[in-house]
Amino acid sequence: MQEPPRYTAITPQALAAVCSSILQALLLPSLSKFLGERRLLVFGLMFSITEQALLSLSSAKWQAISAVSLSALAGVSFPAISSLKSTHASPEQQGLVQGALAGIRAVAAGVGPLGLAQLFAMSTTADGALGYKPSIVFW
């Protein structure tokens, strides 16, 4: 009987999910106390910018995986935004604010990949609308 193939490759998405879970469970409370909500938001956004820039410049798989590992640090942005918004809303508006944030995030998660897929399709063929520039989706 033949043994099934073993898959040991680490995908960038799996790496990002594991790193983000560890960071949010272990480091987010300390980072929040140390930096404060506003600086934590800037911290997360700066890592997001760095991640996207490194992804656009990567030419090897190891470089892309290294860049994606920064997404865990970029992932502190949403909790910081949620915290900032909730502290500035009245108790009666907490559900409305959190629901609006979750709704915006859901729409972005749905529309973003569709738009970026089209942009990627236009930039990965020499005769495409944008020529051959596959890294354009990260800018």
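Which residues make up the largest nonpolar core here? In this predicted model, nine residues do the job: L23, L28, L31, L35, L40, L41, V76, A80 and L84. Two helices, helix 1 (12–57) and helix 4 (77–87), each chip in at least two residues of this core. Helix 1 gives the most, with six residues. There's a broader pattern behind this kind of arrangement: in soluble globular proteins, nonpolar side chains tend to be buried together.

To get a feel for the contacts, pick out A80, one of the nine core residues. Leaving aside residues up to four places away in sequence, A80 touches E37, L40 and L41. Of those partners, L40 and L41 are themselves listed in the core.

Apart from that core lies another one, made of five residues, including A16, L55, A64 and A67. A64 and A67 lead us on to helix 2, which covers residues 61–68. The buried residues of helix 2 are A64, A67 and V68. Look down the axis of helix 2 and those buried residues fall within an arc of 100°, so they line one face of the helix.

Now for the outside. What do V18, I22, L26 and L27 form on the surface? They make a nonpolar patch, and together they have about 390 Å² of accessible area. Take I22 as an example: it sits in helix 1, the helix that gives six residues to the largest core. I22 counts as partly exposed because its relative accessibility is 48%, and partly exposed is the range between the 20% and 50% cut-offs.

Conventions. Residues numbered from 1 in each chain as written. Predicted model: local features only at pLDDT ≥ 70, side-chain atom pairs only at ≥ 80, totals over all residues. Heavy atoms only, no water. Core = buried A, V, L, I, M, F, W, Y, C linked by side-chain atoms within 4.5 Å. Buried < 20%, exposed > 50% of the residue type's maximum accessible area, 1.4 Å probe, protein only. Helix = DSSP H or I, 4+ residues; strand = E, 2+ residues; numbered from the N terminus. Contact = heavy atoms within 4.5 Å. Patch = residues over 30% accessible without salt bridge, like charges linked within 9 Å, V, L, I, M, F, W, Y side chains within 5 Å. Areas by Shrake-Rupley, 256 points an atom, 1.4 Å probe, with all protein chains shown as cover. Salt bridge = Lys/Arg side-chain N within 4 Å of Asp/Glu carboxyl O. Arc of directions from axis to C-beta.
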